[in-house]
Amino acid sequence: MTKVELVFVSAPLVFVPCSGIGHTVSAVELAKALVDRDDRRLCITVLIMNMPFDSKTIEFAKSLANTNTCDRLRFIELPRVEFDPSDTSKSSMSFLIDSQKPHVREAVSKLIEPESIPDPPRLAGFFVDMFCTQFMDVANEFGVPTYVFFTTNAAYLGLMLHMQSLHDEQHVDVTEIGNSDVELSLPTTSLPIPAKVLPDVMLRKHWLSTFFLQPSRAFREARGIVVNTFEELEPHAVNALTTEGTSIPPIYPVGPILNTKSNQESSDQESIMQWLDDQAPSSVVFLCFGSMGTFDAEQVKEMALALERSEHHFLWSLRLPSSNGRSEYSSPDEVLPEGFLDRTANIGKLIGWAPQVSVLAHKAVGGFVSHCGWNSTLESLWFGVPTATFPIYAEQQFNAFRSVKELGLGVEITLDYKRDIFGRSITTSTTVSADVIEKGIKSVMEGDSQVRKKVKEMSKKSRRALMEGGSSHSSLGRLIQDVIKSFQ
């Protein structure tokens, strides 16, 4: 009998995540999921952009590079790009990403044309972040397809595509929608969306093209769009995006893509976890608003009053508005009501940077007051912790509205509060009062609420989606088959 030798084709992929810890974590976890699923054919190089305002992403990537033993996944740090922040023509994300194109081109050239290898590998494709579609030009230069990794939810993808269609095909000035009481009917939401919860960048002419129109046009040219969601969470949105006849590429819902064992640790993580160990199950409300979520002194005081009046035990990640958008207050007494720390010493703990995944996983945590960033939303669902909504920027108001009104997986504190990443007001939004916050805290901490029951059930569904035969497991398999098909 003739011996048959199996030959496995190596399909090298290039990942280019957007700068920012949330985007990079998701992209790396997706890369790990791909090589874990098919380590004989797939190998991935993650290119980490070294932006002048973002040191934590580089630190995180280096920690992964040092601890990850998979020889099918590697990291390359691109050269740092310097710019003058006072030059507004060059300070946008679009300019910074464009300035990385030569570095990406050079890094990829070295990957596939190393001098020491006589038969260099052929590239299989690019995976680019939703905000990095400019790199599709580089992929085209190498003659390979591009997949877009959409790091937020399917309904928001539908919003972007819908607004781009209104602008390009019906010549609607979508920036005017924000100044009205209109409600939008979107293909990807089961309820109309009020204009007040639309992202601010969509309603400003100088941001509209960069963050909405240009990316949305590029999405339509991609080989496929990989979305960090799962069908059971967004059945209406996923169905709308995958219905035959739509003018968009194939959609691959592969989530929840999470790092549930994050290498990013707080300097006082041990004391935080010890404090939680001393609390009763589901007795603590956790307040955390992301890596750039900050508030002014007036809003901080209202939060403090609400916590004290609620009488619930609390763990509060309190951040200071600053030039880089994320640093702790030098002294909490600067902004807290007089005597607050003394009066709440037995029920509360104030912290700076929070080990969010570890906290949400702890049995003592019963509720989560959150900015409703998509990673935080998926993490809260994964661990079965109901959320009280306090959005701040980006698409967080949109997420908050859907969580409360459409999906029934959260309780409302506010849906349309808006600040920029430095904590400054960008709308006519007023300070949310202590009474409103207190009501939301008490609601999210109810032990037998329908929201809590729905969140617990969705937690089970999120885990089943990733198991063999689950919806996201199957979608990931289809994605891999498409990558290999396009490569052969």
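A search of the whole structure, a predicted model, finds 16 aromatic pairs. One of them joins Phe131 and Phe211: the ring centres are 5.5 Å apart and the planes stand at 85°, so the pair is edge-to-face. Phe131 sits in the loop between strand 4 (125–129) and helix 5 (136–141), whereas Phe211 belongs to helix 7, so this pair ties together parts that are 80 residues apart in sequence. The two partners fall on either side of the 20% limit for burial: Phe131 counts as partly exposed because its relative accessibility is 23%, while Phe211, at 17%, counts as buried.

A stacked arrangement is found for Phe286 and Phe368, with 5.3 Å centre to centre and 10° between the planes. Here the partners come from two strands, Phe286 from strand 10 (residues 284–288) and Phe368 from strand 13 (residues 365–370), so the pair ties together parts that are 82 residues apart in sequence. Phe286 is buried, with a relative accessible area of 0%, and for Phe368 the value is likewise 0%, which makes Phe368 buried. Ring pairs also link Phe150, Tyr156, Phe212, Phe219 and Phe398 into a cluster.

Helix 7, home to Phe211, deserves a look of its own. Its 15 residues (205–219) should span 21 Å at 1.5 Å a residue, and the end C-alpha atoms are 20 Å apart, which agrees. The helix nevertheless bends by about 25° at Leu213, and a proline, Pro215, follows within four residues. Several residues of helix 7 are buried, including Leu208, Phe212, Leu213, Pro215 and Phe219.

Phe219 also appears in the largest nonpolar core, which has 65 residues; Phe219 is among those with the most contacts inside this core, together with Phe126, Phe135, Phe150, Leu157, Met163 and Leu198. Helix 6 (residues 154–169) gives the most to this core, with nine residues. Apart from this core lies another, of 60 residues, among them Met303, Val335, Leu336 and Leu407. Returning to Phe150, its contacts, leaving aside neighbours within four places in sequence, include Met130, Tyr156, Leu157, Met160 and Phe219, as well as Ile225, Val226, Val227 and Asn228.

As for confidence, the mean pLDDT of the protein is 87, and 85% of its residues reach 70 or more. Over residues 1–8 the pLDDT is below 50, and this stretch has one contact in the model beyond near neighbours in sequence. Where pLDDT is low, the predicted coordinates should not be read in detail.

How values were computed: Residues are numbered from 1 along each chain as its sequence is written. This is a predicted model: local features need pLDDT of at least 70, side-chain atom pairs count only at pLDDT 80 or more; totals for chains, interfaces and linings use all residues. Side-chain values use heavy atoms; hydrogens and water are left out. The expected span of a helix is 1.5 Å times one less than its number of residues. The bend at a residue is the angle between axes fitted to the seven residues ending there and the seven starting there. Buried means under 20% relative accessible area, exposed over 50%, partly exposed in between (1.4 Å probe, protein chains only). A nonpolar core is a set of buried Ala, Val, Leu, Ile, Met, Phe, Trp, Tyr and Cys residues joined through side-chain atoms within 4.5 Å. Contact means heavy atoms within 4.5 Å. pLDDT is the predictor's confidence in each residue, from 0 to 100. Rings of Phe, Tyr and Trp (its six-membered ring) pair if their centres lie within 6.5 Å; planes under 30 degrees apart count as stacked, over 60 as edge-to-face and the rest as tilted.
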